[in-house]
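Student: I would like to learn how to read the features of a protein model one at a time, with the general idea before the particular case. Could we go through them together?

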Amino acid sequence: MSGPEVLVIGGGPAGVSAALELARAGIDVTLCEQGPRLGGAIHRQPDDPTQSVHVPQSHKRRWQALSDALAGSTVKVLCRHMFAGIEATGAVLLEDRIHGRLVTRRPAALVLAMGAIERVAPVPGWQLPGVVTVGGLQVMMKSTGRAPDGDVLIAGSGPLLVALAAQMASLGNAPVAVLERSPRLVSLRVVASLLRAPAYLREAAGYLLTLVRSGTLPQRGVCVTAIAPKDGRLSVTVRDRAGRERRLLVDRVALHDGLLPNSNGTTTGQHGPFIVRAGDCREVLGGTAALADGRLGAQAVLAHLGQTAPANKGPAAIMARERQAQAALNTLFDYSGRDPAQLPDETVICRCEGRTLGQLRSMLSADDPVSAREIKLNGRFGMGSCQGRFCAEWVASFVASQRNGTPPQPSEIVGSRWPVKPVPISAFVTLPPSSPSE
Amino acid sequence: MAVVGAGIVGMSAAHFLSRAGWQVTVYDTGVVASGATGSADGAVSVASKKPGPLMTLAVAAVKFYEHLIATGVLVDEYLPRSTFVVASDQEELAVLERHAGELEAADVAIRMLKGAALTQVIGAAAPSAIAAAEVQGEGHAVGYRVAERLRQLGGFAIRRNCRVSGFESTNGRITGLVTEHGTEPADAVLLATGIGSTHFLADAGLIRPRKGQLIVTDRAGADTPHFPGPLMSCRYLVSKGSQPAGAVAPSRSLGLVIDPLRTGQFLIGGSREDRDDRESADADVVAALLRDAVALSPSLAQLRVIRVFAGLRAATRDGMPIVGRVSGADNLWIATGFEGDGICLGPMMGRLCQQMICGEPPAQDISALDSARFGLTLATAA
């Protein structure tokens, strides 16, 4: 095949759908996935192909259809290839984790379908070992095919809490409790809105049935206020709607406060490829929408390459329907987290560097309105391994809550540099020099 | 007193001028340390200097950092330590020995390390290293931390995001600054504007951007060999010395320094490139630097790169900073063009600017930096 190459990043439904659509139009497509197998967060397959995890039938069927289509297509699949960013001359950097090397590509277009970013609101003690994210625990569980052992507490807000709890119960270790911050209960209005996207209702009903059987239905209006180490375990203080506090002693805490689109690695200079984002990476609407959005992303690429894409209103209609369903679903949850102004000084904000809210507060106490850049450099917020990907939102919102004037943007703390994730030096040194003499 | 530019030179000058009784306001297009100061490697070092006025000033500037620590102006922003210049072949060794002799002639303490002493002191050096010169009595300072300390000490005002576009003057004296937020009165002006100086000077080609790219790693594990201080490759000195006089500088050169930071991370740099695309680092330069770094210290291969960044140095036509007056106004001074030496020279230059502006005899001979050598005049636009 000749002609322009298109690179698709992310082997979830959006990436696979985009790659298939492009291949059908005769484009030379390479699909890169950082993990050992395709699937993404939702269809993640165990690393060991002989293992399996329990997933809803609808998910299983959808993934089987995608896998079959992929096997019959011209899409080239590169697993264990991580997208590391776009460098100054416009080259796309991929860390090839099979061979431990860095490779560059210069595609005509790049589809970023890397999925959403999981959001966790700071709470005292969230940096302790044993505190994980709900999504992180789910990855571990789907990769190994086993439930995490010990007593696990799930807390925060969002449909993912119930999904993880049910999957753990199916694998033989139900969580000790599921604490949902939002007190709102499912109303008829929400159910009515979801009738147009019945897959959600079927999925939720399946999870809830599992939780009824294991006796771990979510407790609504309850949140975690602090986590502290105790006797080699974690003592978790939780507060209910009436303000009553109690303590739970557990081995692990899984936190989750919603999902955010992922804009990492998408800024590029004048030299870079044409970029589109697709799926939860662009707008968090779930797996069904991701399939449609992958096709829309592919069509945008085809239009850019001067190819007329077949007129098809299907994907756009699916997106509209899923957007409505997600909006209805989101009314049931409370992603606000605790007001940072109410958190104690010792609360760690930047977990990479162990920087606390008190240290951030002291930087703001002066009359001088220090900039986000100064807070970042001198306070070392956003300077650690994650480069602010997980703390920038909280630093920015806390600064905004403490003073008047233009609120700082998380983007001033995260920046737009590559690599988008840490890359081993051993991989860099394999890059062949472009100019032999220096 | 208006100081234009909130980099290390401007902030230091504001500090000393305010202590000398001036009411000082610092103006910056961006924020504190948003230019070269915020993206520098922080070497307070004479190790790579050639003999001449810059080496003499750098030696004095290192002592000035010690003075600032002793007098409490700086607390822990300056970390004293040696620099190790490493030779890996006979050609580099010959250059290293000559260079060490030149540094000793300038009263810099040097210890030559070879054989068992070399491996004992620098466990992290590759077996291919045959010798190293330990340049003693110098150190490291993070530019933005020095600027932040001076800001915290206060005594002067800072106007961020306030671009100065020109001046109002009467009878050959500046009376005010024209800013994007209106005109501000000023009795005297110091331009410490780095690469932004081009805007104010009639000779637009006098100061050119020289890009540098730097790499930050994650923290080293417990098994990483010992780095007693930054390791500098002698190859840089070899290429520096081999250029015939008057030759056009190459558009890109790499001078490898592996700097162990206090956080346990490493800063690996840097390039010198005649270009001005500041906000971007390219994989080719980064990979070339990392190849050199791993050749000098193989254990680095196990670390990961978490950040790469680029900055622009302000380089003058003759490679020497410019400190002095700008003709066209009696009360206008400039201190710019420090290229890669701003963090080393900055605090002392702030003090020297204060002495120059107050009419005091300067503590160091800065006649070699005098702006008169270029006959500076104010740009008509300013």
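Tutor: Let us begin with P419(A), which is found in the loop between α12 (410-414) and β21 of chain A. Keep in mind throughout that this is a predicted model.

Student: What kind of peptide bond joins W418(A) and P419(A)?

Tutor: The general idea comes first: most residues other than glycine have a negative phi, and most peptide bonds are trans. Here W418(A) and P419(A) are joined by a cis peptide bond, with omega at about -5°. In chain B, a cis peptide bond joins G269(B) and G270(B), with omega at about -15°, and G270(B) has its place in strand β15 (residues 266-273) of chain B.

Student: And what sign does the phi of R380(A) have?

Tutor: R380(A) is not a glycine, and yet its phi is positive, at about 60°; this residue belongs to the loop between α10 and α11 of chain A. In chain B a glycine, G328(B), takes a positive phi near 115° in the hairpin of β17(B) and β18(B), which has six residues between the strands.

Student: How many bridges join the two strands of that hairpin, β17 and β18 of chain B?

Tutor: Strand β17 (residues 322-325) and strand β18 (residues 332-336) of chain B run antiparallel and are joined by four bridges. To find your place on the ladder, look for V323(B), which stands opposite A335(B) in β18(B).

Student: Let us turn to sheets. In what order do the strands β4, β5 and β6 of chain A lie?

Tutor: The order is β4-β5-β6 in chain A, an open sheet of three strands with antiparallel pairing. β4 (81-86) and β6 (101-105) of chain A are the edge strands, each with a single partner, so one side of each has no neighbour in the sheet. From one strand to the next, the twist averages 30°. Within this sheet, β4(A) and strand β5 (residues 92-96) of chain A run antiparallel and are joined by five bridges, and M82(A) stands opposite E95(A) in β5(A).

Student: Which strands stand at the edges of the sheet formed by β8, β9 and β10 of chain B?

Tutor: That open sheet has three strands in the order β8-β9-β10 (chain B), and its pairing is antiparallel. The edges are taken by β8 (164-170) and β10 (182-185) of chain B, each of which has a single partner strand, so one side of each is left without a neighbour in the sheet. Neighbouring strands are turned against each other by 35° on average, direction ignored. β8(B) pairs with strand β9 (residues 173-179) of chain B in the antiparallel sense over six bridges, and the bridge partner of E168(B) in β9(B) is G176(B).

Student: How should I describe a pair of helices?

Tutor: Two packed helices are described by the angle between their axes and the distance between the axes. For helix α9 (residues 357-364) and helix α11 (residues 392-402) of chain A, the axes come within 11 Å and cross at roughly 45°, which makes α9(A) oblique to α11(A). The crossing of α9(A) past α11(A) is right-handed. α9(A) contributes L357(A), L360(A) and L364(A) to the contact, while α11(A) contributes V395(A), F398(A), V399(A) and Q402(A); by class, the contact has six nonpolar, one polar and no charged residues.

Student: Into which domains is chain B divided?

Tutor: Chain B is divided into domain 1 (2-39 + 145-206 + 318-374) and domain 2 (81-131 + 208-316). The centres of these two domains of chain B, taken over C-alpha atoms, are separated by 31 Å. Their contact takes 16 residues from domain 1 and 10 residues from domain 2 of chain B.

Student: Finally, how many residues does each chain give to the contact between chain A and chain B?

Tutor: Chain A gives 29 residues and chain B gives 38 residues. On the side of chain A that touches chain B, α10(A) gives the most, with four residues, and the residues of this side divide into 14 nonpolar, nine polar and six charged. Strand pairing also links the chains, for β21(A) and strand β16 (residues 304-316) of chain B pair in the antiparallel sense over two bridges, with V423(A) opposite V305(B) in β16(B).

Conventions:
Residues are numbered from 1 along each chain as its sequence is written. Chains are lettered from A and ligands numbered from 1 in the order in which they are written. This is a predicted model: local features need pLDDT of at least 70, side-chain atom pairs count only at pLDDT 80 or more; totals for chains, interfaces and linings use all residues. Two strands pair if DSSP finds at least two bridges between them. Axes are lines fitted to C-alpha atoms, for helices over the stretch in contact, and angles run from 0 to 180 degrees between N-to-C directions. Domain bounds come from an automatic or database domain assignment. Two residues are in contact if their C-beta atoms, placed from the backbone, lie within 7 Å. Ala, Val, Leu, Ile, Met, Phe, Trp, Tyr, Cys and Pro count as nonpolar, Asp, Glu, Lys and Arg as charged, and the others, Gly among them, as polar. Angles under 35 degrees count as roughly parallel, over 145 as roughly antiparallel, 65 to 115 as roughly perpendicular and the rest as oblique. A crossing is left-handed if the near helix is turned anticlockwise from the far one by less than a right angle, and right-handed if clockwise.
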